Amino acid sequence: MEHHPAVLRNSPPPPPPPEPLPGGCQISCANCDEVHTVSRSVSEFVCFGCGLVQAIGRADEVAIEVEREEDSGGVAGETFTDYRPPKLSVGPPHPDPIVETSSLSAVQPPEPTYDLRIRGDLERTEALSCLQIETLVYASQKHLQRLPDSTRAGFFLGDGAGVGKGRTIAGLILENWQYGRKKALWISVGSDLKFDARRDLDDVGAKFIEVHALNKLPYSKLDSKAVGVKEGVIFLTYSSLIASSEQGRSRLKQLVQWCGKDYDGLIVFDECHKAKNLVPEAGQRPTRTGETVLEIQALLPEARVVYCSATGASEPRNMGYMIRLGLWGTGTSFLDFPDFIGSLEKGGVGALELVAMDLKARGMYLCRTLSYKGAEFDVVEVPLEDKMMVMYNRAAEFWVYLKEKLESEIALLTTKMPKNSQLWLLYWGNHQRFFKHMCMSAKVPAVVKICHQALAEDKCVVIGLQSTGEARTEDAVAKSGIELDDFISGPRELLLKFIEESYPLPEKPASSSGEDGVKELQRKRRSVTTGVSYTERTRKAAKLQDESDTESENDGFHESMESNNGFHICEICNSDTESDKLLQCSRCKQVMHPACLVPPVTGSVSADWSCLLCEGKAEEYLRQKRKSIAQQLERYSKAAERKSQILDAVRSLDLPLNPLDDILDQLGGPDKVAEITGRRHRLIRERDGNGVRYQPRNSKDVSMEMVNINEKQLFMDGKKLVAIISEAGSAGVSLQADKRAINQRRRVHLTIELPWSADRAIQQFGRTHRSNQASAPEYRLLFSKLGGERRFASIIAKRLESLGALTQGDRRAGPSLRAYNYDSPYGKRALAEFYDRIVNQSSLLDIPPGFSIEKPNTIEEFIIKGKAALASVGLVKDNSYDIHNVARFLNRLLGLQPEMQNLLFEFFVSILDLFVQNARLEGQFDSGIADLKANTIKLKGLPKNVHVDHLSGASTVLYTFTLDRGFTWEAASTLLDEKKKDMIGSSRIGFYESRREWQGRRHYLLAFQGSSGMFRIVRPATGEAVREMPLLELEEKYSKLKSLKKARTCWENEFRVSSKQCMHGPNCKLGDYCTTGRRLQEVNVLSGLILPVWATIEKTLANQVRKSHRRLRIVRVETTTDHQRIVGLLIPNAVVNSMLKDLVRGQDINDSLALEDK
């Protein structure tokens, strides 16, 4: 499409220019050379200098490409770096390689000033490694400081599983003991861990410090003579913390009383992720654990608080209880916790990554992890066996059938169900659990096969799951006894319980209730007993001792009615009731409840009201009542029969056995498999193979409290080579190939049931990867080939991505499951598009790239069947749907037959991939920390301290770097020669020239094949691009140069020109501030403490005219001369001066406030 230059005459002045759009590019007017910033998505624009409407032609596409490439950031560098304490050299090296994320390693902690009293003992015994001693120093140092609200500052230990947090905590307890602080609270997740706490204290030389298990102590005063706990460590679980006795005595008050209001000893929140959800998602309630953790900190403001968990901050929302870190509230940039959360969410993933770095810079946080070198991660997709496929199809059909039956049953009810919505909540909740069971069961054959293979290779196996199915087993045993023919089916028991308890039946009438009520009233009429209640008669007797006890009924009644507080007995139900709540018949003078009458009386009655017996209408009423009851009984009986038929159908379904019992049985039973779970009883196959028996897990020689510890020891001694662990039973348990253990075989860790959160996943991974191990484990995450099961993987991926961002400072540090992260902003957009295409049948011919379908033959047929399938699982109703709830969509997919389930999932993922690809092309994809790459990166001048934190002494620093991003001709020709050798016969490798001119000149690049169908791009001014270019786009925009001589001349010319100006030419509106396509550029990075100045920076950026200058970007820069690594906020050159003024103004205000406080 061509637009001819034409000046618009006699027209009104053009409107003011619109605000530049995100992802915009600069384009010059073809008539007056005025440079404009326009959105990359529009096809034309209006020049506000001359008013000309003109198209965005192909000549502008090179600038757009370069801007996209620069916006996308650099590729990820190394994720981990080897760790040694940077400012301490006390103690021996850690026994295993320890690493830290490269982002955190770019941050230096403050200078250590605290002198440990137990330093000499530690150096002599070498009980703690250098990095554990580093934690003792910084935690003790931070505990000497006060937050702006006058409470004592806390410390967050975020070391990964297996680094040795328990022994570090023991060291802190011993250090405080030396200062006379001889009381400590150690709160953890399991009572079994009390034995680990005892072991850790012994290891650091604190055998004299007693450990008291709170669950073994009464609710009376702990320091009383009866209990006698004067000092030592009180070890308790989070469950105990929120517990109370039948008399209403709480453990919380008991602990606060023992500590005393001026308590300045330790409170250790071990595995503190259990206190999350203090500030839950909308529509949910805070957990009691989170509220109680917050309360005990408020009640003991002088306490030395330590938060200890590898996953304590997997989401910023879960940090609500960490009030001793001083991230929000008085003296901070954030008014309160919601303000803190809101600001971080606006900053995107990169903003979350700053929190961990900020805490480390203030000396409040350390996070190291065992190197995963040698550990192997493998995602295993398990196909459904034929038998399981048949089971799954029939189960999916049954749930649709059950839904239809429930809907029809509700329609038959004569009265509206008050809890109709509750029924469907239960239905979908059980639907989800049922198919989760099915997914687990589908993996049992693969688990057994992998186990046998590993054992044959002289390895041992740890199988991780979350649920044991104990509740379903207990239900079955309660109905059928402790001896059964076979293991129970978890899915079947779940279905039976739901139908038995929730199936909507008409109310069953009491056939004789009305008649009995009338007969009782007739009997009462013949009685001579007074209607005055015992309560009233007693009161009257005390007040009127001289009155006769033989007053008439009526006189007694009238006397009692004179009192506003009189009590009488209802003549029908015999209950003792206040007089003003009863009716009195004007004829027979009997007293009765309005509700006890047949029919019941509602509303007010006249003074001459009389009961039905006196009016002679009772018999007619009873006749009608009996007829109504007969009809109700018939309806009830038919509904009960339909319910019974559905229950019979459930019992006839072929459904899998409980996975835990099935695996344990197939691998040799309890004699061969160590079970470390939370269940107390289990089904065991009889020795003759006939039937199973329900029995306790422990033996006569082992108490139930010690059964998991005993099972663990049998595994570590090699007497059992397979261990099955659940979350409830394995918290804090060490199952690694410990060099001190007899069983040093390599561990193969299978995860067959993905936990609901990454917190739990990381904790379970840490059971087999710990310090002092002979070999690193093999991790195998098993998924069934069902699209819907990826709902669980999606949860893990989402949390792992954020977990790496916050807990370890770099999202790339967690195990990589990002391919399964569907519950994201892009996932929600893809879901909206998915529903639009399926339900509204829009864009039927526009099938996303990557989507293919064999059955049915046409996309239209698939759309029709897909819509029906979505309706069958409640995702679509009357053409309405929820476009935001990706979790529900993936969850409900599980209830479809596998073939349709996978087709719909593939369709959804293909749309999602398209959105992500477009976001990357537009430079809008939130990639977290981006590495700035260049041939040479040098620090320009000295860094500028722009803010100092009075509490920690840490500072906010502005760095300015000079970057040379260019790619010389010599480097380009050498690279071309190498690629030609690697790709012999490829005719498309070489130098290319843009087909159109831009700013009077053409642009050049080197292209060579990258991934399938894509080409890597190298430009003279900006080097190698992150983005790969499709072949079609390459040939459409560029033509290959045949002459190397011309290529060299043009390449060197562009290399030279780009050192002085950007791609927009000499008329660029931003002038020297613009860096698009500029080879030499300056980059400003604000590093160090960011959170204290967050509000100022946010306000400064918000006032910028250009939206590209408002964007918060977190970058990592490493100088090429001395390899100095800096991580921080990228500050646009045009914003630096205004930001510095605002920071100086903010510092002056803070200094004045600090002086006032003093």
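At what angle do helix H30 and helix H32 pack? In this predicted model, the answer is about 140°, with the axes of H30 (residues 969-982) and H32 (residues 1044-1057) lying 10 Å apart. Angles over 145 degrees would count as roughly antiparallel, so H30 and H32 are oblique to each other. On the H30 side, the contact is made by Trp969, Glu970 and Ala972, which meet Leu1044, Ala1047, Arg1048, Trp1051 and Glu1052 in H32. Sort the residues of this contact by character and you get five nonpolar, three charged and no polar.

Now move back along the chain to an open sheet. Seven strands pair in parallel here, in the order S9-S10-S8-S11-S12-S7-S13. Strand S9 (211-213) and strand S13 (365-366) sit at the edges; each has a single partner strand, so one side of each is left without a neighbour in the sheet. At the S13 end, two bridges join S13 to strand S7 (residues 155-157), running parallel, and Leu157 stands opposite Leu366.

Helices pack on this sheet too. Helix H5 (residues 165-178) touches S7, S8, S10, S11 and S12, and its direction makes about 175° with that of S11. Helix H9 (residues 288-299) lies across S8, S11 and S12, at about 165° to S11.

For a look inside the sheet, pick Ser188 in strand S8. Ser188 has a relative accessible area of 0%, so it counts as buried. Leaving aside residues up to four places away in sequence, Ser188 touches Leu193, Phe235, Leu236, Thr237, Tyr238, Asp270 and Glu271.

Aromatic rings make another good trail to follow, with 30 aromatic pairs in the structure. One of them is Phe334 with Phe340, an edge-to-face pair at 5.3 Å centre to centre and 80° between the planes. Phe334 is buried at 2% relative accessible area, and Phe340 is buried at 0%.

Tyr392 and Phe435 form a tilted pair, again with 5.3 Å between centres but with 45° between the planes. Tyr392 belongs to helix H11 (residues 386-412) and Phe435 to helix H12 (residues 420-442), so this pair ties together parts that are 43 residues apart in sequence. Both Tyr392 and Phe435 are buried. They also belong to one aromatic cluster, joined there by Trp399, Trp424, Tyr427, Trp428, Phe434 and Phe498.

Methods. Residues are numbered from 1 along each chain as its sequence is written. This is a predicted model: local features need pLDDT of at least 70, side-chain atom pairs count only at pLDDT 80 or more; totals for chains, interfaces and linings use all residues. Side-chain values use heavy atoms; hydrogens and water are left out. Two strands pair if DSSP finds at least two bridges between them. Helices (H or I, at least four residues) and strands (E, at least two) are DSSP runs, numbered from the N terminus. Contact means heavy atoms within 4.5 Å. Axes are lines fitted to C-alpha atoms, for helices over the stretch in contact, and angles run from 0 to 180 degrees between N-to-C directions. Buried means under 20% relative accessible area, exposed over 50%, partly exposed in between (1.4 Å probe, protein chains only). Angles under 35 degrees count as roughly parallel, over 145 as roughly antiparallel, 65 to 115 as roughly perpendicular and the rest as oblique. Ala, Val, Leu, Ile, Met, Phe, Trp, Tyr, Cys and Pro count as nonpolar, Asp, Glu, Lys and Arg as charged, and the others, Gly among them, as polar. Rings of Phe, Tyr and Trp (its six-membered ring) pair if their centres lie within 6.5 Å; planes under 30 degrees apart count as stacked, over 60 as edge-to-face and the rest as tilted.
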